[in-house]
Structures are given as structure tokens and as C-alpha cells.
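Biologist: I have the model open in front of me. Can you walk me through the sheet?

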Amino acid sequence: QGSQAGVARGPKIFIVEPTEGALARHQQVSHEIQSPSCFYSLEYLFPSLLRASPYVVANPDDADFFYVDFWIYWNHDHTLYGDMMVHIHNTLSKYWEKHNGANFIFSNSLDAGRCDSGRTAKDSIMLLHFGKMQFHDVSWCNLLEKWGAECDLRMTTSMRALDHNLRDEKARDSALTCFHPGKDIIVPPPMNEGVRFVGSDSEPVTAPYNTERNITMYYAGKIDLNAGSENEFSDPWSDAFYSFGARQLVHHMFHNLPGWLIRTRHATGSYANDLAHSKFCLAAAGWGWGGRMKMAVLAGCVPVIIQDGVKVEWEEQLPLEDYAIRVPMWLVHKLPQILEHYEASGRLARMQAALRCAWRLHWWRRPHGRLFELVMCELKQRVAGVSGRIHVDWDACTLTCGGEAASLAEPHGV
């Protein structure tokens, strides 16, 4: 809860309530979506925090933004979305038409964000987990049937950008991105917030920063989806685009390096302990967004992001270089030397110190999370016409929004 002063300072948001059909669907999935371990709970959690905040206004005339309480991931019935839009146009048409829906906000936790939801709310703001900048899909690239340039995302995207003959709607849609920079907000997923450092589901919140970190680079998860199957040899490209090839490249090049622990399957029993004893952790996506960046941050492990063409959580809002590393694919063969330089130069120690504060900005739920406040700060800056990243003092653990600094260690308004 923020103070009443926070109401005046922060963004003013009117909540567009769900239609009867959408509400019935919400109630059907409410038990599953409310679990702290649910990957796809953004559409439930964000409006829950918003309703408990001082930023909600009852009169739409007072609103800077309109939040639409519609659960996109959980409502695959296009009729329900159509009904919601009819409801908006019947009750709030003058507000929608004023900016063509640009100040309406939706949550969308679909794996590929806008690329999975088509033209849904195409001019509105979306809270997403996936910031892929290129729509074109080359994941099923059979090199026996296609020339390799057709499977080169940089090549195909550049050619599409130069194509001035995108006349029909389907072609225009294919040129869209899964994320609209400067409009959409890439936020961390709400999963795995039952505990802070999980050794078991009942373990209390702790900060695993004093553990001895004897693992240089860590990753655990699937590598080759078709390993051991007939397709592994007959159709090797069928799973080659999984994770954009990032985790596969790291595994195949470096899994035998001393100090590098690169597992080829999920390490359910030891995962949290492994993270807490690692200096760097690979943050790779899957077919869509991934949760490994968040899990690394929570464990005090510096995320190594290898996701070409994909913006990650808070990349437009925070100085991620203070506690994370982004490595383009063409530099991956130098990864051991890069990480050695980070450690020898003292940069790693400074990043680990920043993580002692930064983890709260990747955590939604109370009492520890301050992620919601960061979303509100971003919206406040948009109302004020302020662009650029939000300032955080990692040593003091304070966030400055609108010229006012507030502690991230205590609940507050922005």
C-alpha cells in the first residue's frame, strides 16, 4: 500500500472489469493461476496488486491509463476477447477512441507475447515476458529443401523491412514484432515466488549471498529435444531453433571446462543449491520467454543473457549492465575469456553487490517484491513525458521516480 501522497504522484488507472463470460473463465482457472509456482499467473497477479494499490481511480475521466482485466493466456476463446472489446466500445468508447486504445493496458503471458495473440489490442500497451523483435519464424528450417539464407533471421528480417509491397493484411502482420519497443513493458514472470531461496517449499526467505561460489557457469535444462528419438538423425533441424540455439552452443563448446556445470536435464533436487553456488548463470529462452534470468537474479548469480533479437525483462527500464551480461551469439566462442575478465577486473564483485538489491525488482509478491512499483514508476514517467531508464542506487537500494527517492526495502508509493 502506498501513501495518499502516492496517489497524487503516481499514475491514475481505471480498471475495466471483465465481462460475465470472461469472469466465468477466470473463476474456472483461479485455483491453478493463484499458485506461486504458476508460470502463467501475470494476468491474475497484476490486477490483484493494482486493486490493492492507491493508483486506482473510480472515475474514468480522472484516468491516465485503463487496465483491461482480461486474461489473454487463459482465454483462448476469441469470442470472449470480442465480447470484451464490444464491452469497452459500449462503455468507454470516447476514452478508447481518443488515443486509439494507446493508453489501455493488457497483460499477456503467452509464450511468444504478441506473436501468439495476433492483432489483439495492437495499439495498446502490453505487459509481456517476451521481447522478441522479429516475428518471422525460421524454426523449421530443412536445409535439404531451403537455402540457408532463408533460415537467417537477420537476413530475412532485413529483407522484409526493405519490402515495400506488404499490401495485404496477412503480409503486414508477418512484418510486425512480438514486442513494441517504447510501448510494451517486458516484466519478469511471477513464477517460483513461494520462497526466496528454495531448498524446499517450506524453507523461509533467505538471501544466499554468503555461499561459496565455486561454479563458474551454470545451466540445467533441456538441450536436444529429440535426443534418442528417430528424428535426432533423420530430421536434425526439427528442434534446432529451440532456445535459438543458445544453450546448445554453450553446452557443445564448454560443458567439459573445469568449473562449468552445464546439465542436459532439469536438476529439480539440486537446482536452487547449484544456483546459489554459481558465479554466472546462463539465461536462455525456450520457444518463447524463459524464467532463468529471474531465477539467477534471485539466487545472486549474474545472468548471462544469450538471446539475440529478444529484449529481456526490464531491459528498457533498468541499467541491466550493473548486474547482468548480454552476449551476442557471435561472441559466445569467447565466453570463457569474457567471464574471466569480469571476475579479474572486479566487475563481477560489483554486480554481485548490486544483486543484493536488484532481486526485489524481479519479485512480484509482498512483502519482498517491489516489481509492481517499478511498473508504476514507468507509467508515471510516461504521463510526465519522461523517457530513459529509471535510476536505482544499488548501494542505498533506492529507486528514484519523478525526482523522489524511495527505499526498495520498504513498501512505498511512487
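Modeller: Start with one pair: I215 stands opposite S278 in strand 9. Strands here are DSSP runs (E, at least two residues), numbered from the N terminus. This is a predicted model, where local features need pLDDT of at least 70, side-chain atom pairs count only at pLDDT 80 or more, and totals for chains, interfaces and linings use all residues. Residues are numbered from 1 along each chain as its sequence is written, and side-chain values use heavy atoms, with hydrogens and water left out.

Biologist: How many bridges join strand 7 to strand 9?

Modeller: Two strands pair if DSSP finds at least two bridges between them. Strand 7 and strand 9 run parallel, and the bridges joining them number 3.

Biologist: Which residue in strand 8 does M217 stand opposite?

Modeller: Strand 7 also pairs with strand 8, in the parallel sense, over 3 bridges. Opposite M217 in strand 8 is W260.

Biologist: Why is strand 7 largely enclosed?

Modeller: Buried means under 20% relative accessible area (1.4 Å probe, protein chains only). Strand 7 covers residues 215-219, and the rest of the structure largely encloses it because the buried residues number 4 of the 5.

Biologist: Which residue in strand 10 faces L282?

Modeller: Strand 9 (residues 278-283) and strand 10 (residues 302-305) run parallel, joined by 4 bridges. Opposite L282 in strand 10 stands V304.

Biologist: What is the order of the strands in the open sheet?

Modeller: The edge strands, each pairing on one side only, are strand 8 (260-262) and strand 12 (325-326). The sheet has 5 strands with parallel pairing, in the order 8-7-9-10-12.

Definitions and conventions
Buried < 20%, exposed > 50% of the residue type's maximum accessible area, 1.4 Å probe, protein only.
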